[in-house]
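Me: I'm new to this one and I like to see the reasoning behind every label. Can we go through it together?

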Amino acid sequence: LLLALQVRLVMKAHSFIRENVPRVLSSVKDKSGTVHIPRISQYLYFLFAPTLIYRDNYPRNPTIRWGYVATKFAQVLGSLFYAYYIFVRLCIPQFRNSSQETFNLRGLVLCIFNSILPGVLILFLVFFAFLHCWLNAFAEMLRFADRMFYK
């Protein structure tokens, strides 16, 4: 989780620098008196907005739909509880039984194959919870209007 957060911050810093350095260099080259440097509030908004491409201004919704935000956070919690249920019911018994037996290749292969389907289900739930629910909830709270930004 910490590594994913650091990668996200590095990618956002790279985008911020890549978008602003050419502007500053061109204004220095033209010897114009005004250098447009982004405000700290623009950078902070960019850090929390669900996008990796920096712009000075993004399209914004006029209001926040708090019901939508609550629904998305409820879906995150539901996904986490469902992933926990899958993990407890399908994954833990497999590994608990394998830890009590002597090691053999057949047991290891069976344990891995019995864990593939629950693992894929948990992976889909985590992707749904984070990429759809969590990011849409924060986009709504920040009034980020362009949900099809990357299309």
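What follows is a chat about contacts, burial and a few labels in this predicted model.

Me: How many salt bridges does a search of the whole structure find?
Reply: The search turns up 3.

Me: What makes Glu19 and Arg55 a salt bridge?
Reply: Their side chains meet with N to O at 3.3 Å. The cut-off is within 4 Å, so the pair qualifies. This pair links distant parts of the chain: Glu19 sits in helix 1 (residues 2-29), while Arg55 is in the loop between helix 2 (40-48) and helix 3 (66-100), 36 residues apart.

Me: Why are Glu19 and Arg55 called partly exposed?
Reply: Buried is under 20% and exposed is over 50%, with partly exposed in between. Glu19 has a relative accessible area of 32%, so partly exposed fits. Arg55 is at 35%, so that residue gets the label too.

Me: And how do you know that Asp56 and Arg23 form a salt bridge?
Reply: The closest N and O atoms are 2.6 Å apart, and the limit is 4 Å, so the pair counts. Asp56 lies in the loop between helix 2 and helix 3 and Arg23 lies in helix 1, so parts 33 residues apart in sequence are tied together.

Me: Are Asp56 and Arg23 buried or partly exposed?
Reply: Asp56 has a relative accessible area of 21%. Buried needs a value under 20%, so Asp56 is partly exposed. Arg23, at 29%, is partly exposed as well.

Me: What makes Arg65 and Glu140 a salt bridge?
Reply: Their side chains meet at 3.0 Å, N to O; set that against the 4 Å limit and the pair passes. Arg65 lies in the loop between helix 2 and helix 3, and Glu140 in helix 4 (residues 105-141), so the pair ties together parts 75 residues apart in sequence.

Me: Why do Arg65 and Glu140 get opposite kinds of label, partly exposed or buried?
Reply: Arg65 has 45% relative accessibility, which falls between 20% and 50%, so Arg65 is partly exposed. Glu140 is at 0%, which is under 20%, so Glu140 is buried.

Me: What else is Arg65 doing?
Reply: Arg65 lies over the face of Tyr68, at 4.5 Å from the ring centre.

Me: On to rings. How many aromatic pairs are there in the whole structure?
Reply: The search finds 8. One of them is Phe46 with Tyr54: centres 5.2 Å apart, planes at 85°, so the pair is edge-to-face.

Me: Why is edge-to-face the right word for Phe46 and Tyr54?
Reply: Planes over 60 degrees apart get that name, and theirs are at 85°, so the word fits. Phe46 has a relative accessible area of 0% and Tyr54 is at 1%, so both are buried by the under 20% rule.

Me: What makes the Trp134 and Phe138 pair tilted?
Reply: The planes are 50° apart, with 5.2 Å centre to centre. Stacked would need under 30 degrees and edge-to-face over 60, so tilted is what remains. Trp134 and Phe138 both lie in helix 4, 4 residues apart, about one turn of the helix. Trp134, at 35%, counts as partly exposed, and so does Phe138, at 26%.

Me: Which residues do ring pairs link into a cluster?
Reply: Phe16, Tyr43, Phe46 and Tyr54. Phe46 also has the charged end of Lys12 sitting over its ring, 4.6 Å from the centre.

Me: Which residues does UniProt list for "transmembrane region"?
Reply: Its unreviewed entry lists residues 66-87 and 107-135. In the model, residues 66-87 are 100% helix and 0% strand, with end C-alpha atoms 31 Å apart. Residues 107-135 are also 100% helix and 0% strand, with the end C-alpha atoms 40 Å apart.

Me: What makes Arg143 worth a look?
Reply: Its phi is near 60°, a positive value in a residue other than glycine. Most residues other than glycine have a negative phi. Arg143 lies in the segment after helix 4 and, at 27% relative accessible area, is partly exposed.

Key
Residues are numbered from 1 along each chain as its sequence is written. This is a predicted model: local features need pLDDT of at least 70, side-chain atom pairs count only at pLDDT 80 or more; totals for chains, interfaces and linings use all residues. Side-chain values use heavy atoms; hydrogens and water are left out. Helices (H or I, at least four residues) and strands (E, at least two) are DSSP runs, numbered from the N terminus. Buried means under 20% relative accessible area, exposed over 50%, partly exposed in between (1.4 Å probe, protein chains only). Rings of Phe, Tyr and Trp (its six-membered ring) pair if their centres lie within 6.5 Å; planes under 30 degrees apart count as stacked, over 60 as edge-to-face and the rest as tilted. A charge sits over a ring if NZ of Lys or CZ of Arg is within 6 Å of the ring centre and within 35 degrees of the ring normal. UniProt positions are given in the numbering used here, feature names are shortened, and annotations may be inferred rather than shown by experiment.
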